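Me: Please take a close look at one part of this structure and follow its surroundings outward from there. I should like a single connected account, with the reasoning given wherever a residue is called buried or exposed.

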Amino acid sequence: MSQPASVGLAARAATGERKGRVDYLVGNELPARPAVCTRCRRRLNEVVYEVRSQEGRRARCLRCAVTYRPVMATSLGIALIVGTILTAINQGQLIVGGEFPMALAWKIPLTYAVPYCVATTGAILNARTKTANSGGKGGQR
Ligand SMILES: [Zn+2]
């Protein structure tokens, strides 16, 4: 028999754990207040993007998370694979046939850019969390 939901909520509230909010800064090596980007030292008000490095998890602002090299490298690899497959599917006949209409000059780069953006967006949304000092409700996770 499972315990009532209210008991679980009370236990989580007592430990500081709340749904929709990650208090990862508490008990971690990062300062609880104020939360700052570990790269550019910009103050992070509510949203933090956690990136994993050799030193552990690091808080980043959106700009620093998007330009984080491992994220960019992974997205680039995905873009190369998916973009090549999509280009072959959509434009392969033209390319193999020796034709190269000028429209391909923008279609092919876009075919690579879309999976790059999708992979980066997925990584960023997955890394998104809240700071311990953020109030309010909702948000990711
Ligand atoms: Zn930053």
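Reply: In this predicted model, Cys64 counts as partly exposed, because 18 other C-beta atoms lie within 10 Å of its own, whereas a buried residue needs 20 or more and an exposed one has 12 or fewer. The residue belongs to helix α2, which spans residues 62-66. Apart from residues up to four places away in sequence, Cys64 touches Cys37, Arg39 and Cys40. Tyr49 stands 15 residues from Cys64 in sequence, and their C-alpha atoms are 8.7 Å apart in space.

Two of these partners lead to Arg60, since Cys37 and Arg39 are also among its contacts. Arg60 lies in strand β2. This arginine is buried, because 26 other C-beta atoms are found within 10 Å and the threshold for burial is 20 or more. When neighbours within four places in sequence are left aside, the contacts of Arg60 are Cys37, Thr38, Arg39, Tyr49, Val51, Ala65 and Tyr68. Arg60 is also separated from Arg128 by 68 residues in sequence, while the C-alpha to C-alpha distance between the two is 9.5 Å.

Arg41 offers a contrast in its surroundings. It counts as exposed, because it has 9 C-beta neighbours inside 10 Å and the limit for exposure is 12 or fewer. Arg41 is placed in the loop between α1 (5-14) and β1. Its phi angle is near 65 degrees, a positive value in a residue that is not glycine.

Several contacts of Arg60 recur in the nonpolar core: Tyr49, Val51, Ala65 and Tyr68 touch Arg60 and are members of the largest such core in the model. That core comprises eleven residues, and its other members are Ala35, Leu44, Val48, Ala59, Cys61, Ala123 and Ala127. At least two residues of this core come from each of β1 (47-53) and α4 (104-127). The largest share, three residues, is that of β1.

The strands come next. Strands of a sheet pair through backbone hydrogen bonds, in either a parallel or an antiparallel sense. Here the sheet is open and has three strands in the order β2-β1-β3, with antiparallel pairing. Its edge strands, β2 (56-60) and β3 (128-130), each pair on one side only. From one strand to the next, the twist averages 45 degrees.

On one side of β1, five bridges join this strand to β2, and the two run antiparallel. Glu50 has Ala59 as its bridge partner in β2, and Ser53 stands opposite Gly56 of that strand. The two strands form a hairpin, with two residues between them. For the pair β1 and β3, which also run antiparallel, there are three bridges. Within that pairing, Val48 has Thr129 of β3 as its bridge partner. Val48 is in addition a member of the nonpolar core described above.

Helix α4 connects the account of the core with that of the sheet. It lies across β1 and β3, and its direction is at about 105 degrees to that of β1. Its other packing partner to consider is α3. Two packed helices are described by the angle between their axes and by the distance between the axes. The axes of α3 (residues 69-96) and α4 come within 7 Å and cross at roughly 145 degrees. The crossing of α3 past α4 is right-handed. By class, their contact contains 14 nonpolar residues, eight polar ones and one charged residue.

Finally, the chain as a whole gives the setting for these details. Its secondary structure comes to four helices and three strands, which run α-β-β-α-α-α-β from the N terminus on. The chain has 141 residues, of which 17% count as buried; Arg60 is one of the buried residues. Among contacts between residues at least 6 apart in sequence, 57% join residues that are at least 24 apart.

Notes:
Residues numbered from 1 in each chain as written. Predicted model: local features only at pLDDT ≥ 70, side-chain atom pairs only at ≥ 80, totals over all residues. Core = buried A, V, L, I, M, F, W, Y, C linked by C-beta atoms within 7 Å. Pairing = 2+ DSSP bridges. Axes fitted to C-alpha atoms, helices over the stretch in contact; angles between N-to-C directions. Contact = placed C-beta atoms within 7 Å. Left-handed = near helix turned anticlockwise from the far one by under 90°. Nonpolar A, V, L, I, M, F, W, Y, C, P; charged D, E, K, R; others polar.
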